[in-house]
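Q: Please take a close look at the charged side-chain pairs here and how they sit in the rest of the fold. One connected account will do.

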Amino acid sequence: MRKFLLVLLGLFLALNLVGLFLDPRIEVHEQAFIDAPPSEIHALLEDLDRWPAWNPLFDPRLDGQRAIEWGETRRGAGARLKASFPGDAQVLFTLIASDPAKGVEIETLSGRKDVDVWAGEGFKAVDVVLLRAQGSGSQVDWTRRGQAIDWPILRVVDAVLFRGVVRSQVRRALDGLGAAALGSGPLPPPAPAAGNAQAPAGDAGR
């Protein structure tokens, strides 16, 4: 028993040591060229009523698995919606910046259903989507930054279990945005995430 406890302690200390050298927050960056002008792409991003056309959160295969609650504003800076998932997960999306010449910035607050996300509680992440005209279309740069994590061991967990999931979510959002801008039909199927880690489609906090 004593040996087992010593092994656990050693593992705990080793993971914390590794975590000290890791970035305290998950940050992923993906980009894509979409053959549509920035104004058309911005219109899809800044109007929450148009999110079902591209956002994986609204994938029809999730019907019955999540509930949507809208804020008072649904377009432009200040627009908000909350998605509640099976079990005890919820995510609040807030459009905190919207500029047709640049793109949008989206804040997400995620947490258990006993967390008052409407009041600003929860794990915060920010998505910055930049648009730049390029030839006949647009270069779209999407960066997601998670909240800084204080505990080094949790940085290891995030890096191992969730970084790939977050990257897959951003990639799917870009693919869906491209499909919607080109009018080419429904969202593409989700790419398999590394390992068995799962997270809600809209959970940007992880």
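Salt bridges and their setting

A: In this predicted model, Arg 167 and Glu 30 form a salt bridge whose closest N and O atoms are 2.8 Å apart. Arg 167 is part of helix 3 and Glu 30 is part of strand 1, so the pair ties together parts that lie 137 residues apart in sequence. The two ends of the pair differ in exposure: Arg 167 is partly exposed, with a relative accessible area of 33%, whereas Glu 30, at 15%, counts as buried because the limit for that class is under 20%.

Glu 30 has another partner in Arg 171, and the N to O distance in that salt bridge is 3.1 Å. Here too distant parts of the chain are linked, since Arg 171 belongs to helix 3 and Glu 30 to strand 1, 141 residues apart. Arg 171 is partly exposed, at a relative accessible area of 26%.

A further salt bridge joins Lys 82 to Glu 69, with 3.4 Å between the closest N and O atoms. Lys 82 sits in strand 3 and Glu 69 in strand 2, so this pair ties together parts 13 residues apart in sequence. In this pair the lysine is the buried partner: Lys 82 has 13% relative accessibility, while Glu 69, at 39%, is partly exposed. Through shared partners, salt bridges join Glu 30, Arg 167, Arg 171 and Asp 175 into one network. The whole structure has 10 salt bridges.

One arginine is placed against an aromatic ring: the charged end of Arg 74 sits over the ring of Trp 70, 3.9 Å from the ring centre.

The elements named so far belong to a chain with 3 helices and 7 strands, which follow one another from the N terminus as α-β-α-β-β-β-β-β-β-α. Of its 206 residues, 43% count as buried.

Helix 3 and strand 1 also take part in the nonpolar interior. The largest nonpolar core has 32 residues, and those touching the most other members are Ile 41, Leu 45, Trp 142 and Leu 177. Elements that give two or more residues to this core include strand 1 (27–34), helix 2, strand 3 (80–84) and helix 3 (152–181). Helix 3 supplies the largest share, 6 residues. In soluble globular proteins, nonpolar side chains tend to be buried together.

Leu 45 shows how the core is put together. Beyond its neighbours within four places in sequence, Leu 45 is in contact with residues including Trp 51, Trp 54, Val 104, Trp 142 and Leu 177. Three of these contacts lead to an aromatic group, as ring pairs link Trp 51, Trp 54, Phe 93 and Trp 142 into a cluster.

The structure holds 3 aromatic pairs. For Trp 51 and Phe 93 the ring centres are 5.8 Å apart and the planes lie at 85 degrees, so the pair is edge-to-face. Trp 51 is in the loop between helix 2 (38–46) and strand 2 (67–70), and Phe 93 is in strand 4 (residues 89–99), so this pair ties together parts 42 residues apart in sequence. Trp 51 and Phe 93 are both buried.

Links across the sequence also show in the contacts of the chain: of those between residues at least 6 apart in sequence, 59% join residues at least 24 apart.

Notes:
Residues numbered from 1 in each chain as written. Predicted model: local features only at pLDDT ≥ 70, side-chain atom pairs only at ≥ 80, totals over all residues. Heavy atoms only, no water. Phe/Tyr/Trp six-rings, centres within 6.5 Å; stacked < 30°, edge-to-face > 60°. Helix = DSSP H or I, 4+ residues; strand = E, 2+ residues; numbered from the N terminus. Buried < 20%, exposed > 50% of the residue type's maximum accessible area, 1.4 Å probe, protein only. Lys NZ or Arg CZ within 6 Å of the ring centre and 35° of its normal. Core = buried A, V, L, I, M, F, W, Y, C linked by side-chain atoms within 4.5 Å. Contact = heavy atoms within 4.5 Å. Salt bridge = Lys/Arg side-chain N within 4 Å of Asp/Glu carboxyl O.
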